[in-house]
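Subject: Structure for you to look at

Hello,

Here is the structure I said I would pass on. Please load it first and keep it open while you read the rest.

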Amino acid sequence: MSDSAKKVAILISGGGSNMEVLARDMTGDHPARPCLVLSSDPDAGGLARAAALGIPTAAIDHRAYPHRAAFEAALQTRLAEDAPDIIALAGFMRILTPGFTRAWQGRMLNIHPSLLPLYKGLHTHARAIDAGDAEAGCSVHEVTAELDDGPILGQARVPVLPDDTPDTLAARVLIQEHRLYPAVLRRFADGDRTRLDLPPVVNIN
């Protein structure tokens, strides 16, 4: 790792597809490098994907802690070992307390599968379909104490098709997540916090 490269810790809870695209992008002239992939689930498939890429991994099982504060204290202790400059949440399925988010204010990003401020929380694709929305998409934002809040750093949009189900819409949105998150992280690591809106998708297949 270059001495000048920012260190990025990627937090996951599942398969790690967004983690992998972020990690694969952090090469060459990228201003950052992955220093750790940390999961809240020891069985998360993303841990094996990270190890295959040569990235150090760790797991802190949230079920082993009596309350959220204890879990987050363990997170902080492990993160302190690598002292990342940036945390990228990539499918990290734990709600973080204001104390944790304040400690990383301005240094923590998240990707959310909706066009924020619409549909914070879960079941975003079903909610977009039920609302009759013409568009759905994803957003990358800075993490603050409020759930799925904070300055929006980028969005990508896809059309909602007449025969969409939550699963088909989710699959199409995920393709755009894999475009948007690496682009925003690269800019963020370089000190650029201006908003990035990717061009609308033309090919919807």
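The notes below take the helix packing, then the pocket, then a loop.

Please bear in mind that this is a predicted model.

Helix packing

Two helices pack against α1, which covers residues 17-25. One of them is α2 (residues 45-52), whose axis comes within 9 Å of the α1 axis and crosses that axis at roughly 15 degrees. An angle under 35 degrees counts as roughly parallel, and α1 and α2 are therefore roughly parallel to each other. The crossing of α1 past α2 is right-handed. On the α1 side the contact is formed by S17, M19 and E20, and on the α2 side by G46, R49 and A50. By class, these residues are two nonpolar, two polar and two charged.

The other packing to look at is that of α1 with α6, which spans residues 166-189. Here the axes are 9 Å apart and the angle is about 40 degrees. The roughly parallel class ends at 35 degrees and the roughly perpendicular one starts at 65, so α1 and α6 are oblique to each other. This crossing, too, is right-handed. From α1, the residues in contact are S17, N18, V21, L22 and D25. From α6, they are L174, E177, H178, Y181, P182, L185 and R186. The contact of α1 with α6 divides into six nonpolar, three polar and three charged residues. S17 is listed in the contact with α2 and again in the contact with α6.

The largest pocket

How much space lies in the largest pocket? The volume is about 890 Å³. Its lining consists of 38 residues, and those closest to the centre of the pocket are F92, M93, I111, H112 and P113. Four elements give two or more residues to the lining: α1, β5 (108-112), α5 (124-130) and α6. Which of them gives the most? That is α6, with five residues. In terms of class, the lining has 17 nonpolar, 16 polar and five charged residues. Both α1 and α6 thus appear twice in these notes, once as packed helices and once as parts of the pocket lining.

The loop between β5 and α5

Two backbone features in this loop may be of interest to you. P117 lies in the loop, and the peptide bond that joins L116 to P117 is cis, with omega about 15 degrees. Y119 is found in the loop between β5 and α5 as well. Phi of Y119 is near 55 degrees, which is a positive value in a residue other than glycine.

Regards

Note on methods
Residues are numbered from 1 along each chain as its sequence is written. This is a predicted model: local features need pLDDT of at least 70, side-chain atom pairs count only at pLDDT 80 or more; totals for chains, interfaces and linings use all residues. Side-chain values use heavy atoms; hydrogens and water are left out. Axes are lines fitted to C-alpha atoms, for helices over the stretch in contact, and angles run from 0 to 180 degrees between N-to-C directions. Angles under 35 degrees count as roughly parallel, over 145 as roughly antiparallel, 65 to 115 as roughly perpendicular and the rest as oblique. A crossing is left-handed if the near helix is turned anticlockwise from the far one by less than a right angle, and right-handed if clockwise. Contact means heavy atoms within 4.5 Å. Ala, Val, Leu, Ile, Met, Phe, Trp, Tyr, Cys and Pro count as nonpolar, Asp, Glu, Lys and Arg as charged, and the others, Gly among them, as polar. On a 1 Å grid over the protein atoms alone, a cavity is a set of points where a 1.4 Å probe fits but cannot get out, and a pocket is an open set with protein on both sides within 12 Å along at least five of seven lines; lining residues have an atom within 4 Å of a point. Grid points are joined across faces, edges and corners, and a volume is the space filled by probe spheres set on the points.
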